[in-house]
Protein chains: 2
Amino acid sequence: MKVVIVGGVAGGASAAARIRRLDENAEIVIFERSGFISYANCGLPYYIGGVIEDKEELTLQTPESFGLRFNTDVRVRHEVTKIDKENKTVTVHDLEHDRYFEESYDKLLLSPGAKPTLPPLSGLELPMLFKLRTVEDTFAIHEYIKMHRPKSVVLAGGGFIGVELAENLCELGLKVTIVQRPKHLMNTLDPEMASFLHARMKKAGISLMLGHTVEGFRSSKEGTGLEMLLKDEEPLYADMGVLCIGVTPDTELAKEAGLSLGLKGSILVNEYMETSEPDIYAVGDAVEVRHRVSGERAVISLAGPANKQGRIAADNICGGRSTYKGSLGSSVIKVFDMTAASTGLNETALKKTELSYDKVYLTPQSHAGYYPGARPMVMKLIFERESYRILGAQIVGYEGVDKRIDVIATAICSGLSALSLKDLDLAYAPPYSSAKDPVNMAGFMIDNIKNGVLKQFFWDEVASLPQDDSIIRLDVRTPAEYGRGHIEGFINIPVDELRDRIAELPKGKPVYVICHSGIRSYIACRILSQYGFDCHNFSGGFGLYSSLSGDEMLAKELLPCGAVKG
Amino acid sequence: MKVVIVGGVAGGASAAARIRRLDENAEIVIFERSGFISYANCGLPYYIGGVIEDKEELTLQTPESFGLRFNTDVRVRHEVTKIDKENKTVTVHDLEHDRYFEESYDKLLLSPGAKPTLPPLSGLELPMLFKLRTVEDTFAIHEYIKMHRPKSVVLAGGGFIGVELAENLCELGLKVTIVQRPKHLMNTLDPEMASFLHARMKKAGISLMLGHTVEGFRSSKEGTGLEMLLKDEEPLYADMGVLCIGVTPDTELAKEAGLSLGLKGSILVNEYMETSEPDIYAVGDAVEVRHRVSGERAVISLAGPANKQGRIAADNICGGRSTYKGSLGSSVIKVFDMTAASTGLNETALKKTELSYDKVYLTPQSHAGYYPGARPMVMKLIFERESYRILGAQIVGYEGVDKRIDVIATAICSGLSALSLKDLDLAYAPPYSSAKDPVNMAGFMIDNIKNGVLKQFFWDEVASLPQDDSIIRLDVRTPAEYGRGHIEGFINIPVDELRDRIAELPKGKPVYVICHSGIRSYIACRILSQYGFDCHNFSGGFGLYSSLSGDEMLAKELLPCGAVKG
């Protein structure tokens, strides 16, 4: 059997290694357009920032070492330009020697990945304007910075690559500006969750120009830098720029060969990673997947799914029957000392579906508050009404964020009910967690909602509460906390004085209660509801509320600190 | 409704707070023998070591603050000495004023916890010999060290408290010796996993006297210290000692009241946390639980279950019908810069059951190897043959250990098959994980076992391999690695030379292959098996093997570092 693999990074390299382990006699040829295979795609921004210092660390395997270990014919700087599916051959462009040749295959695996989205903007050819996809792109940016010592950089787009690059360039001492049309960074997060990242990035000196539309680029008058052209605004000067607008499945080859395409031009595959053509498989960022929560078609560019799919395609190329179970889109990003992670669907996505959902916010400590170093995290967990199926979660904080998102991702993959999160028996010791882990706490809250013990209201509902005295707005924090900032119209009665001062509250009116994190206000709601009040607890507390400022979703404060214990 | 709660720490305090939230009108009385309630039980060793500096951090709530917030009558230094279940009263000993009185109840909740196991040894009354259960015990040890500046301490027992205390006393500069009969520390771990902790503790200068039997204590001749008396050995001198032998359910009260008892004298409860007597509930370290994996009865002294049970008992006291789902025994411990965690059943426990199990060892990196700070961990995952049910896991390493154990604990709680671990969509970015997370990797290995792609042999089988030339023993590491140490009788052919040198291996003989971590030997097995060899891969690699030295299970080396990528 002769297997030709197009693309030698995550999915392609995984597949080649697995095919060899399953079949010592297969002939395996990898064609990779760039000069490197099996490289650390997700590490590229960190090489630019100097966090990863050694070039060789980026390129986990050389074509030679990989070829030797897996007895594979690895040809870098070779681009497959055409598939002849009838004759089972591909046309290959040897970029080094600029010659073309044909290569036959029995099985063909496409792992072309995704390419940076390049909108039709002017000036994309400017020498100080970059994109970041390959090792070569990385070296080019690195080299440019070393040679020209730019003082400022503008990034078009604030997704994974944009945010990671912003941090790394900021650490190098550049003045960084991120410009994008969406009102918040990271579309994996909902706006109120992203607001904590906005605050952190601004604290680091990064300028965020959100809600601005890039129209093109041109050389600056002096010619040393560039001007980013903005809609209805003055151009923005920077010494260099990087396009981080997003990625698009790189499927020209598949399309020309007449393979069925899916969402966003991705390659359509079934659960066996088979394309519409016999003996042609596809994996990675270029393929359409099923979302494990929505069941809908999706294109998800992440390394985890690509690697898993590579292994599955290899199994099936070698006669097995392995299946891909779909993607959750679990992801995590480091933003300076913070971590933001998500899994499943966010609320922005859910609003476009028919699903009826509810949600809880909580701000637990990363580990026991009495053990040094505990820091709060903000967790948002979304579940389906009635069924209590977990739909998604987002967490922003410092340590322990990745752990909780992985626990929730595992719960989703396992079909665990949101109501069962309270029963998870997780490992506890003071340096690692609390006796009631944050995930258990989310489960307790959802259990309380089911049992009618907890009714909530949310950050985006505050403005639409009746502005007259038909309701009671109550802040149960201490007078000192209240004095440092509160929502207009909320009166202050500390939770521990509530029983004695209950007469101050006019009977028969619904009460909307807030505290810092949501715990004291919950206790207050429980007290009041038993005195006959219809109570609503502000989910997430003033800590969450204060990180948002009106419609612009601009963060004013960092994650809430302190007072969480109460 | 009047609820009397015996014991105001984890389970009791949780229950009181929950009862109040559910029923503003309940009368709640807590009797706590010690002077503190709702204290940080798991933080006590860290106060002694000075990691937690402030006394107030240990005592999360004062009796007053708790009483105020939850409108609860909290009486510390009050010991309940008798239950009159017919008349529904308890007899209470006011320890402060040494007077007795009776208190009536409608519902009684027992949360007495567990007490340090005190075997019938001589000298337990010695003033420089301590135990560690309460805040008072903690202050006594702290005070003794401050006053007497002991230079050496001997700990009888190396479980959670013993190991945590050893670290903390070591950090204070004391010469620490742990003495115990079992051959390895931490009975939550199997011996080969504990061996990594042994090495780490010895590196810190802690003496481990494992397999030694303590027979008693006596004053040293000078009277300033103590001598630990050992079976068949010279006495061991130390300036002070602490008994950390283990804990026993503190159920004298329940027993005298005629409540049905279970394993180890624990209180028998059903899934509603109801005892054998109407209107009497029990929670926490004192009760018998169902083990979620074995289905057997168990006594598990951990804070997580206690807190959950407190909430469940409260629900049911208030007329609900909440159930406890059983315990997994998930636990984690910090040992200097290392972390050891476990969930479910270990092999030592499984050997006593009828269950037929298999296992995998792996030594993945905590996060992507090319991102700074990645460190290896050793993971052991045990699953049931045929059904592929996950039975348990143990992990020892540095960062990310707690995350993976919680993911596996969640998988067990959710009933996920070990075969599905490979499909978990976990969050990946270079600072947090690898594109194939360690848990995915374990899943891949188990999938390979199921499909016949991987056959293994284990550390404790090496000695019983035929010593003649009826088998081939093969080490596929580099000559340099081989030169630094290898198992007697294993010949060296590096994996990357194997295809060329295959003629050196006599056909028809089974091959036992080892490398450093198990990855290269797996690749070698795959090559060889396709040349007709019956191949067995050493699970865990030379890194695991070299941490064990014969029967004594004494660790020679730390966790394997480097060469894991290959």
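Which residues do ring pairs link into a cluster? They are Phe457(A), Tyr512(A), Phe538(A), Phe542(A) and Tyr545(A). Rings of Phe, Tyr and Trp (its six-membered ring) pair if their centres lie within 6.5 Å; planes under 30 degrees apart count as stacked, over 60 as edge-to-face and the rest as tilted.

This is a predicted model, in which local features need pLDDT of at least 70 and side-chain atom pairs count only at pLDDT 80 or more, while totals for chains, interfaces and linings use all residues. Residues are numbered from 1 along each chain as its sequence is written, chains are lettered from A and ligands numbered from 1 in the order in which they are written, and side-chain values use heavy atoms, with hydrogens and water left out.

Over all chains, the structure holds 24 aromatic pairs. The ring centres of Tyr47(A) and Phe139(A) are 5.5 Å apart and the planes stand at 65°, so this pair is edge-to-face. It links distant parts of the chain, since Tyr47(A) belongs to helix 2 (residues 44-48) of chain A and Phe139(A) to helix 5 (residues 135-148) of chain A, 92 residues apart. Helices (H or I, at least four residues) and strands (E, at least two) are DSSP runs, numbered from the N terminus. Tyr47(A) is buried at a relative accessible area of 5%, and Phe139(A) is buried at 19%. Buried means under 20% relative accessible area, exposed over 50%, and partly exposed in between (1.4 Å probe, protein chains only). Phe66(A) and Phe70(A) form a tilted aromatic pair, with 5.0 Å centre to centre and 50° between the planes. Phe66(A) has a relative accessible area of 3% and is buried; Phe70(A), at 6%, also counts as buried.

Phe139(A) has a charged partner as well: the charged end of Lys55(A) sits over its ring, 4.3 Å from the centre. In chain B, Lys55(B) lies over the face of Phe139(B), at 4.3 Å from the ring centre. A charge sits over a ring if NZ of Lys or CZ of Arg is within 6 Å of the ring centre and within 35 degrees of the ring normal.

How the chains relate comes next. A turn of 180° and a shift of 0.0 Å along the axis lay chain A on chain B with an RMSD of 0.0 Å. The two copies are thus related as by a two-fold rotation axis. Copies are superposed by least squares on the C-alpha atoms of residues with pLDDT of at least 70 in both. Of the interface residues of chain A, 100% are also interface residues in chain B, so the copies meet through the same surface.

In chain A, five strands form an open sheet with parallel pairing, in the order 9-16-10-11-12. Strand 9 (129-131) and strand 12 (207-210) of chain A stand at the edges with a single partner strand each, so one side of each has no neighbour in the sheet. The twist averages 20° from one strand to the next. Strand 10 (residues 152-156) and strand 16 (residues 240-243) of chain A run parallel and are joined by four bridges; two strands pair if DSSP finds at least two bridges between them. Val154(A) has Gly241(A) in strand 16 of chain A as its bridge partner. Helix 5 of chain A lies across strand 9 and strand 16 of chain A, and runs at about 150° to strand 9 of chain A. Axes are lines fitted to C-alpha atoms, for helices over the stretch in contact (heavy atoms within 4.5 Å), and angles run from 0 to 180 degrees between N-to-C directions.

Chain B offers another open sheet of five strands, in the order 3-2-1-7-18 and with parallel pairing. Its edges are strand 3 (73-76) and strand 18 (280-282) of chain B, each with a single partner strand, so one side of each is left without a neighbour in the sheet. Strand 7 (residues 107-110) and strand 18 of chain B pair in the parallel sense over three bridges, and Leu108(B) stands opposite Ile280(B) in strand 18 of chain B.

Strand 14 (residues 226-230) of chain B is mostly covered, with five of its five residues buried. Leu226(B), Met228(B) and Leu230(B) lie on one side, Glu227(B) and Leu229(B) on the other. Five bridges join this strand to the antiparallel strand 13 (residues 214-219) of chain B. Strand 14 of chain B also pairs in the antiparallel sense with strand 15 (residues 236-238) of chain B, over three bridges.
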